Amino acid sequence: MTGTGLPLAGVRVVEMTHMVMGPTCGMILAQLGAEVIKVEPPAGDKTRSLGGMGTSFFPLFNRGKRSVVLDFAKTEDRETMHLLLASADVFLENFRDGQLEKQGLGPEELRRKYPHLIVAGHKGFLSGPYEHRPALDEVVQMMSGLAAMTGTREKPQRVGSSANDIMGGMFGAIAILAALYQKRGGGTAAGGADIRIGLFENCLFLVAQHMVEFEMTGNRPRSMPEREHAWPIYDIFETAGGERIFIGVVTEGHWQSFCREFGMQEFLEDPSLRTTTDRIMARSRIIPRAAEVIKGWNAAKLSAKLDGLNICFSPINRPEDLFSDPHVLRPGGLVNNINANGEPFRVPALPVQWNGGNLGEGLTVPVLGADTEAVRTELEGQEISATPKTAVRLA
């Protein structure tokens with residue numbers, strides 16, 4: 001889909017962020033059609049040069065943006081930044097409190113100069129006792145209890161991706177969309193908004209289900225490895241060829257068809273296994289029997305059988321395996337993008353379909369400063385320094 005046919009066409013976002021959370025927010029807005037101008041220092045965003053597990057950070061979270069290099073030690077570059085903000089609908093930043101004030105870009109000054117502007121700050125914490133602290137994804141996973149729920153109390157384990165950073169960027173995009181909607185309807189006198197997104201509070205939102213369980217029952221939630229199973233069969237099994245598969249039998253119909261189709265009729269005839277609770281209590285004898293049966297099945301035939309029975313199942317994949325998954329490889333499942341060095345790479349499409357189409361095909365990762373002169377020229381032509389933007393440009 002082209003940018004002109006997308007819902008945020010005409011919206012300008014000025015982004016001054018780094019790492020993952022802030023850039024994720026800008027990347028989502030760009031895929032929804034916004035013009036996202038990423039302002040970088042002369043040395044560039046530090047994630048441009050990361051290796052190892054950070055290799056993907058810059059290309060993945062900065063696709064579809066324009067890159068403008070500004071050196072705030074120069075008067076003309078500071079003026080360009082203010083021209084940009086006067087022309088923008090949204091300003092994204094993720095610096096520690098107090099840092100942008102040194103550049104004349106603190107939230108109070110921005111509200112005074114640009115009352116139309118939606119300012120979204122991606123921070124470690126929302127306002128409160130910890131607001132001054134820096135934070136990382138792994139830090140807030142430890143603080144919130146998510147690591148203890150993923151691993152155990154004795155051996156906490158972080159989630160295997162930058163889940164909080166990415167989800168924090170999503171919450172930033174949600175809040176910005178709400179502010180744009182409010183602005184469009186004249187819901188505020190000036191039209192702007194001051195938004196703060198907290199990485200810790202984002203993680204707190206993820207563990208709310210466990211907090212509320214404790215609140216309601218007084219029972220301490222058990223971690224994933226230690227949890228009490230809510231279903232009679234909800235486990236990983238080994239197949240005939242040594243491949244592993246996860247199977248979840250979660251309804252009465254599933255139980256009946258699973259036992260019948262896999263030759264475990266004795267469970268259906270056992271009066272002590274009439275209810276789901278009965279079966280959960282009898283897992284110590286159900287699971288070994290199911291494992292024995294499944295061990296005799298080829299993984300491909302077993303998957304086809306489970307699919308036909310409409311029973312939930314999954315192979316135990318690694319990320320690299322997904323490049324051969326037929327659903328991932330369906331038309332639009334992966335989109336083709338171009339890195340800053342000109343090399344193509346594939347990435348999962350944004351997990352929504354817009355009017356039947358997928359988003360993100362053909363995005364490019366900007367070369368450092370590639371759009372600096374073009375943006376300067378555009379700003380000079382707009383003559384906006386004395387007349388800041390007052391209305392959202394929504395298609």
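1. Tyrosine 130 sits in the loop between strand S5 (118-123) and helix H5 (137-144). The model is a predicted one. Tyrosine 130 has a relative accessible area of 35%. Partly exposed covers values between 20% and 50%, so tyrosine 130 counts as partly exposed.

2. Tyr130 belongs to a nonpolar patch on the surface. Its other members are Leu136, Val139 and Met143. Together the four residues have about 340 Å² of accessible area. Patch members need over 30% relative accessible area; tyrosine 130, at 35%, therefore passes that cut-off.

3. Now the sheet. Three strands form an open sheet in the order S7-S8-S9, and the pairing is antiparallel. Strand S7 (233-238) and strand S9 (312-315) are the edges, each pairing on one side only. Neighbouring strands are turned by 15° against each other on average, with direction ignored. In general, strands of a sheet pair through backbone hydrogen bonds, either parallel or antiparallel.

4. The S7 pairing can be followed by residue. S7 joins strand S8 (residues 244-249) over six bridges, in the antiparallel sense. Which residue of S8 stands opposite isoleucine 233? Valine 249 does.

5. Two helices lie across strands of this sheet. Helix H13 (residues 283-294) lies across S7 and S8 and runs at about 40° to S7. Helix H14 (residues 299-308) lies across S8 and S9, and its angle to S8 is about 15°. Strand S8 is thus crossed by H13 and also by H14.

Methods:
Residues numbered from 1 in each chain as written. Predicted model: local features only at pLDDT ≥ 70, side-chain atom pairs only at ≥ 80, totals over all residues. Heavy atoms only, no water. Patch = residues over 30% accessible without salt bridge, like charges linked within 9 Å, V, L, I, M, F, W, Y side chains within 5 Å. Areas by Shrake-Rupley, 256 points an atom, 1.4 Å probe, with all protein chains shown as cover. Salt bridge = Lys/Arg side-chain N within 4 Å of Asp/Glu carboxyl O. Helix = DSSP H or I, 4+ residues; strand = E, 2+ residues; numbered from the N terminus. Buried < 20%, exposed > 50% of the residue type's maximum accessible area, 1.4 Å probe, protein only. Pairing = 2+ DSSP bridges. Axes fitted to C-alpha atoms, helices over the stretch in contact; angles between N-to-C directions. Contact = heavy atoms within 4.5 Å.
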